[in-house]
Amino acid sequence: MNFKRNIIITGGAGFIGSHVVRLFVNKYPDYRIINVDKLTYAGNLANLRDIEDRPNYMFVRADICDFDTILSLMKEYAVDGIIHLAAESHVDRSIKDPFTFARTNVMGTLSLLQAAKAVWEAFPEGYEGKRFYHISTDEVYGALAMNHPEGIEPPFKTVASSEGHKAYGDDFFYETTKYNPHSPYSASKASSDHFVRAFHDTFGMPTIVTNCSNNYGPYQFPEKLIPLFINNIRHGKPLPVYGKGENVRDWLFVEDHARAIDVIFHEGKIAETYNIGGFNEWKNIDLIKVMIKTVDRLLGNPEGHSLGLITYVTDRLGHDARYAIDSTKLQKELGWEPSLQFEEGIEKTVRWYLDNQEWMDNVTSGEYEKYYDSMYKGR
Ligand code: NAD
Ligand code: TYD
């Protein structure tokens, strides 16, 4: 079959990547979607069961640092677009093992850029019609001040903004905010963002970078706050709240991020940066109380039943105080906005994890990793 486009999505077996793959495979039957994923602990093909047999979907187990494999894949399928999500993504792991983050996030991105450059420059039409879209995080901007700990009326609102929505500081992350990463994770993502922009500025590669706030939703690995806590509440296990639980994050439903990626991949301007977020700031402790309330209600427990599980623990090293994205540019220029109100999104998410205990048991036991290792041995 001849496809209109041949697109590599890296990290497609991970949390956000699996939602992006699903959206593209379903929405664009005339595109070949090639999911390139190493299947680290965070990659899980069970996230894509519903689309794995589609004729426009292909999975290739490969490390993005493996330049030769990426190069030959790009040549073989005349790849004209890359949507790059593969990364080491957890701040706590980056504190313990920064090398892995530099390897995958920096060297892996560079290897993809070099492969794309080699293949695209050899096409008669060069870079025309090509696109290298790099998915990054708001954490590259550093931390915002919490100068209104009680919250103030925010300057903006979207569908995603929670009821009684507040902002906890005067400032926001804009596309023009200077990079100031604090964790090894955000430092590695910042470095990869710079490499992507350098390939545009030096070689004319058609690149786009987006920086998104914290995502939540189905298929997120339970080392991250929301799935970890939903699972712990269900099993009556302690909820380790770092520090005083006062840090603020700006939460966006993962399918809304995937929709933004679709719009930006197709309509975003080359060499631009877009911030993606829903104007939806939450203090961790308030969010944890919403999760407790929702899980208890859905499990038929009396209200307040699981509040005693909250356990304050030693703070994360270098813990960023507040993240808050201004996504006005994306909303105004490309007409994207979130589709889901936060309370609806949390309810949907809690229900999904409660209904998919088998998925959770599988990832927490690590069974799936053993399976892939035997299945893909020697490849
Ligand atoms: P994730 O950890 O759930 O998934 C990462 C995927 O990348 C996994 O499938 C893993 O197997 C794969 N991978 C890791 N190293 C690889 C390598 N060397 N070669 C090939 N594949 C490899 O991550 P996520 O939360 O889905 O994040 C995806 C992207 O979005 C990342 O680039 C992250 O920085 C960015 N991001 C995440 C968030 C968030 O809240 N999760 C917010 C903004 C941006
Ligand atoms: P996390 O989901 O790791 O995302 P990020 O660090 O990229 O924002 O954490 C979200 C917030 O929750 C962050 O402020 C750290 C905090 N947190 C806890 O308090 N306890 C936990 O066990 C985890 C995983 C996170």
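A colleague asks about the two ligand sites, and the modeller answers.

Modeller: This is a predicted model, in which local features need pLDDT of at least 70 and side-chain atom pairs count only at pLDDT 80 or more, while totals for linings use all residues. Residues are numbered from 1 along each chain, ligands from 1 in the order in which they are written, and side-chain values use heavy atoms, without hydrogens and water.

Colleague: What makes a residue count as near a molecule?

Modeller: One of its heavy atoms must lie within 4 Å of the molecule. By that rule, 28 residues surround ligand 1. Tyr 185 and Lys 189 are among the closest.

Colleague: Why is the pair between Tyr 185 and ligand 1 called a polar contact?

Modeller: A polar contact is a pair of N or O atoms within 3.5 Å. A side-chain N or O atom of Tyr 185 is 2.7 Å from an oxygen atom of ligand 1. The pair is therefore a polar contact. The protein covers 97% of the 840 Å² of accessible area that ligand 1 has on its own. Such areas come from the Shrake-Rupley method with a 1.4 Å probe.

Colleague: Which side chain puts an N or O atom 2.6 Å from an oxygen atom of ligand 2?

Modeller: That of Glu 139. The value is within 3.5 Å, so this is a polar contact too.

Colleague: How many residues of the shell around ligand 2 are charged?

Modeller: There are 5 charged residues, beside 8 nonpolar and 5 polar ones. Asp, Glu, Lys and Arg count as charged. Glu 139, Arg 249 and Arg 316 are among the closest residues to ligand 2, so these three count as charged.

Conventions
Polar contact = N/O pair within 3.5 Å; in protein donor to acceptor, adjacent residues only side chain to side chain.
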